[in-house]
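Work through these short exercises with the coordinates open. Each solution follows its task.

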Amino acid sequence: MYDRRTDEVPPTVPTPASAGHRPTTVERGSFCTARCACGWSGPARRSRDRARTDAAEHLAAP
C-alpha cells in the first residue's frame with residue numbers, strides 16, 4: 001500500500017490550546033486523512049481540501 005505524508009496544513013504559531021498538536025495530512029490511495037501528533041485522526045476524505053479543513057478545525061478546538 002502507498003503511504004505518503006504531506007505537510008499541507010499551513011504552519012501556525014503555537015498557542016496554549018494548540019501546544020502539542022501538529023496536524024498533517026496522510027494520503028492512502030485516493031483518500032486523504034488528517035492526523036495529529038496527539039493521536040487524533042479525522043475521517044478519510046477524497047477531498048484533500050476537506051481533510052485540511054478537518055485538521056484546521058482540530059487545531060482550533062479546545
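**Exercise 1. Cysteine exposure and pairing**

Task: Classify C38 as buried, partly exposed or exposed. Then do the same for C36, and count the disulfides.

Solution:
- The model is predicted.
- C38 has a relative accessible area of 44%, so C38 is partly exposed.
- C36 has a relative accessible area of 10%, so C36 is buried.
- Next, look at the sulfurs. The cysteine sulfur closest to that of C38 belongs to C36, at 3.6 Å.
- A disulfide needs the two sulfurs within 2.5 Å. The separation is therefore too far for a bond.
- The count is 0 disulfides.

**Exercise 2. The setting of C32**

Task: Find which element holds C32, and list the contacts of C32 beyond four places in sequence.

Solution:
- C32 sits in strand β3.
- Its relative accessibility is 1%, so C32 counts as buried.
- Contacts beyond four places are T25, V26, E27, P43, A44, R45, R48 and A51.
- R46 lies 14 residues from C32 in sequence, yet the C-alpha to C-alpha distance is 6.0 Å.

**Exercise 3. The buried side of α1**

Task: Check the span of helix α1. Which residues of α1 are buried, and what covers them?

Solution:
- α1 runs over residues 48–60, 13 residues in total.
- From first C-alpha to last, α1 reaches 19 Å, close to the expected 18 Å.
- The buried residues are A51, D54, A55, H58 and L59.
- These cover an arc of only 135° around the axis, so they lie on the same side of α1.
- Their cover includes β2 (24–28) and β3 (31–35).

Methods
Residues numbered from 1 in each chain as written. Predicted model: local features only at pLDDT ≥ 70, side-chain atom pairs only at ≥ 80, totals over all residues. Heavy atoms only, no water. Helix = DSSP H or I, 4+ residues; strand = E, 2+ residues; numbered from the N terminus. Expected span 1.5 Å × (residues − 1). Buried < 20%, exposed > 50% of the residue type's maximum accessible area, 1.4 Å probe, protein only. Arc of directions from axis to C-beta. Contact = heavy atoms within 4.5 Å.
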